[in-house]
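Visitor: Could you take me through one part of this model at close range? I would like to follow the pairing step by step.

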Amino acid sequence: MLLIAAVRSILTYVAVSLYVLVVAPPAMLAAALFGAKEHLYVLGHAGVRLGLALSGIQYHVAGREHVPRGRSAVYCSNHQSNVDPPVLFEAVHPRLHILYKAELESIPILARAFRYGGFIPIDRRNKEAAMRSIEAGAASIRAGNSFLIFPEGTRSRTADLLPFKKGGFIMAIKAQAPVVPVAVQGGRDSMHKGSWIIRPVIVSVRIGAPIESAGLTLDRRDALIAETRRQITGLLAQGPV
């Protein structure tokens, strides 16, 4: 089984890399010339579906009724594995922007596509740069875009949640947008930390009820963080979908 997973993983990496190399340059050129980005999301979702299908990853979702209709929001998820971002990008919202680690800027084509798509890098090692990213994210939310954040900042090695970073919650309060708690489970069984092999699994995604930030000021961010953490903990306790 490990050999099959390894072969499928290699096929996935090769196919997705070729897809990005072929599709991304003309798509980004069109975005630069015409200022549109809808096609980037269509192509992005197609690439994610290709990778998930080849690697054998499926997902089940509960709580889609909690996704705010006609409102931008900040989707806040726990983080267990490298498969979490593509699964959530596909499963939660059709045009989900992502607040991503600045380290990914070292991958030129991917970073450029992220920028054209409205994703925002955040460098937590540089407080001033991080605050500029948060301000840019808040402005994007006010313009109608929803964001996915992983407040733990990195993957947890255990089932326990790591401490939450404050940046995404400051962004939500500045935009007066709801925070939607999301619990993802199963990804750790697909990609163990430090391993390149992608094992076929079914990933569970639970979406909780939105937590309003309307009317909150920044001095209430810790309370917002605590409530979001409580909600995600409760969703995880329900087990896989």
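Which strand do three bridges join to strand 3, and in which sense do the two run, parallel or antiparallel?

Guide: Happy to, with one note before we begin: this is a predicted model. The partner you ask about is strand 5, residues 146-149; three bridges join strand 3 to strand 5, and the two run parallel. To place one of those pairings, look at Leu-96, whose bridge partner in strand 5 is Ser-146.

Strand 3 also pairs with strand 4 (residues 120-122), again through three bridges and in parallel. Here you can pick out Lys-101, which has Ile-122 of strand 4 as its bridge partner. As for cover, five of the six residues of strand 3, which spans 96-101, are buried, so the rest of the structure largely encloses this strand.

Now let us step back to the whole sheet. The sheet is open and has seven strands, in the order 1-7-6-2-5-3-4, with mixed pairing. Strand 1 (58-62) and strand 4 are the edge strands, each pairing on one side only. From one strand to the next, the twist averages 25°.

Helix 3, residues 84-91, packs on this sheet and touches strand 3 as well as strand 1, strand 2, strand 5, strand 6 (179-185) and strand 7 (202-207). The direction of helix 3 makes about 55° with that of strand 1.

Going along the order from strand 5, we come to strand 2. Strand 2 (residues 74-77) runs parallel to strand 5, and three bridges join them; Cys-76 stands opposite Ile-149 of strand 5. Strand 2 also pairs with strand 6 in the parallel sense, over four bridges, and there Val-74 has Val-179 as its bridge partner.

Strand 6 deserves a pause of its own. Seven of its seven residues are buried. In a regular strand, side chains alternate between the two faces of the sheet. In strand 6 both faces are covered: Val-179, Pro-181, Ala-183 and Gln-185 are buried on one side, and Val-180, Val-182 and Val-184 are buried on the other. The pairing of strand 6 with strand 7 is antiparallel and has four bridges; Ala-183, for one, has Arg-206 of strand 7 as its bridge partner.

One more helix completes the view. Helix 8, residues 221-237, lies across strand 2, strand 6 and strand 7, and runs at about 35° to strand 6.

Notes:
Residues numbered from 1 in each chain as written. Predicted model: local features only at pLDDT ≥ 70, side-chain atom pairs only at ≥ 80, totals over all residues. Heavy atoms only, no water. Buried < 20%, exposed > 50% of the residue type's maximum accessible area, 1.4 Å probe, protein only. Pairing = 2+ DSSP bridges. Axes fitted to C-alpha atoms, helices over the stretch in contact; angles between N-to-C directions. Contact = heavy atoms within 4.5 Å.
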